[in-house]
Amino acid sequence: MCKKEYEAEARERIMGEAEVLVAASAPGKCILFGEHAVVYGQPAVAVAIEQRLSISATKAASWSVDGSALDPDRHPHITMLKDRWLSDSEPMALHISGDIPRASGLGSSAALSAAVGAAMHRLANPSKGIDRDGLSAVAHRAEAHAQQGRASPMDASTSVEGGVVVLSDRVEGAAKHLYTRQLTTPEGKRSWEVHHLAPPESEVFLVLGNTGVFAPTSKQVAMVADALAAEPTRMREIEAIGTVARRGLAALIDGNYEAVGHAMSENHLLLRNLGVSSPELEALIQAAMPSSLGAKLTGAGGGGCMVALTRDPKQTSEAIELAGGRTLISRIGNEGVRIERG
Ligand code: PMV
């Protein structure tokens, strides 16, 4: 048995013996349209995926995360949530598990904030249900903190709300308006209208292809900010992404998945021009295209994941794997954060 397996088994044993005070889970997310441009107020669409992150808390002598002492530098999201809801509580051991790959553009850190926040809120307010508005606001602040002040509420809201989430600079009539989010970024004050959308059901799937290349979101977002500062006319590229996102959103509302796929591929070309793709992402996207309705990078790019929209997930997945990617398959839109125990 290797060290990692031994540690996982020991954790299971400890958790089996210790009483679980609360457990919660939250989905990862995949951006269909509008990453990067959304940071500048353009519309964007994200979906909650089937892959989830789970968290459970047991009584302990001191605060810990998966056996390591809770450290504000290593665990900024968790520290912020603990200070928000459980500053005076008895210490706890937190145990994290799940199938969302980390740092790959699938929203694992927002899922962590959503699940930890829901669990801590439940412990602090045992008789109250999940306050999705409050929770996604705190999770957004945690993302912004980790991304040097530049973060849209996309990841946090999608993981908390589930389903399909639409962000825009205006209230969109075709979707259910949830709330307004504001943030002061280094480039100025930003505001987003956050919506929930229930697109018509269809036999379509997302195949997510992971390049395995690590590219921190904060670095990618800062790179785009620097490019725009150096050449302000490039803001036109950001606006063009917004136009394509709006077209993709209309297609999604109509249930026209051929047009959704087309808009995804168009969105990718604009992201590539913006400089946020990578050779590894291009190889996986090219491999997916023949069996897909459309494909693009998803998330901050530079590495991480691509996504293909397909009616034949097996064939698309095999093509991506042959090109060197690791794949996950998900339907569009899944349940948001939920309490599993407690
Ligand atoms: O890489 P991710 O999953 O954190 O997605 C980042 C999406 C961006 O638009 C690049 C940044 C943001 O905060 O919206």
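Reader: Quick one to start. Is Cys305 buried or exposed?
Author: Cys305 counts as buried, because its relative accessibility is 1%. Buried means under 20% relative accessible area, exposed over 50%, and partly exposed in between (1.4 Å probe, protein chains only). This is a predicted model, where local features need pLDDT of at least 70, side-chain atom pairs count only at pLDDT 80 or more, and totals for chains, interfaces and linings use all residues. Residues are numbered from 1 along each chain as its sequence is written, and side-chain values use heavy atoms, leaving out hydrogens and water.

Reader: Which cysteine sulfur is closest to the sulfur of Cys305?
Author: That of Cys30, at 8.4 Å, which is too far for a bond. Cys30 is also buried, at 0% relative accessibility.

Reader: How many disulfides are there in the whole structure?
Author: Zero. A disulfide is a pair of cysteine sulfur atoms within 2.5 Å.

Reader: On to the ligand. How many residues surround it?
Author: The count is 16, and the closest are Lys29, His36, Ser152, Thr217 and Ala300. A residue joins that shell if one of its heavy atoms lies within 4 Å of the molecule.

Reader: What classes are in the shell around the ligand?
Author: There are six nonpolar, seven polar and three charged residues. Here Ala, Val, Leu, Ile, Met, Phe, Trp, Tyr, Cys and Pro count as nonpolar, Asp, Glu, Lys and Arg as charged, and the others, Gly among them, as polar.

Reader: Which side chain has an N or O atom 3.1 Å from an oxygen atom of the ligand?
Author: The side chain of Thr217. The backbone takes part too: an N or O atom of the His36 backbone lies 2.9 Å from a ligand oxygen, and a polar backbone atom of Gly105 is 3.2 Å from one. The cut-off for such a pair of N or O atoms is 3.5 Å.

Reader: How much of the ligand's accessible area does the protein cover?
Author: The protein covers 95% of the 380 Å² that the ligand has on its own. Those areas come from the Shrake-Rupley method with a 1.4 Å probe.

Reader: Which elements give two or more residues to the shell?
Author: Strand E1 (20-33) and helix H6 (217-230). Helices (H or I, at least four residues) and strands (E, at least two) are DSSP runs, numbered from the N terminus.

Reader: How does E1 run against E2?
Author: Antiparallel, with 11 bridges joining them. One example is Ala23, whose bridge partner in E2 is Ser56. Strands pair if DSSP finds at least two bridges between them.

Reader: How many residues of strand E2 are buried?
Author: In E2 (residues 44-59), 13 of the 16 residues are buried.
E2 also pairs with E5 in the antiparallel sense, over seven bridges, and Ile55 has Ile96 in E5 as its bridge partner. Four more bridges join E2 to E6, again antiparallel. There, Val47 is matched with Val164 in E6.

Reader: And what is the bridge partner of Val164 in E8?
Author: Leu197. Strands E6 (residues 164-168) and E8 (residues 188-197) are antiparallel, with five bridges. E8 pairs with E7 (residues 176-185) as well, antiparallel over nine bridges, and two residues lie between E7 and E8 in a hairpin.

Reader: New topic. How many residues of helix H5 are buried?
Author: Eight of eight, over residues 154-161. They include Met154, Asp155 and Glu161. Just after H5, Gly162 takes a positive phi of about 75°.

Reader: Which residue has a positive phi of about 50° although it is not a glycine?
Author: Ala103. Most residues other than glycine have a negative phi. Ala103 lies in the loop between E5 and H3 and is partly exposed, because its relative accessibility is 41%. Asp66 also has a positive phi, of about 45°. Asp66 sits between strand E3 (64-65) and strand E4 (68-69), partly exposed at 28%.

Reader: Where is Arg102?
Author: In the loop between strand E5 (92-98) and helix H3 (108-124). Arg102 is exposed, at 74% relative accessibility. Arg102 and Gly212 are 110 residues apart in sequence, and their C-alpha atoms are 9.9 Å apart in space.

Technical notes. Polar contact = N/O pair within 3.5 Å; in protein donor to acceptor, adjacent residues only side chain to side chain.
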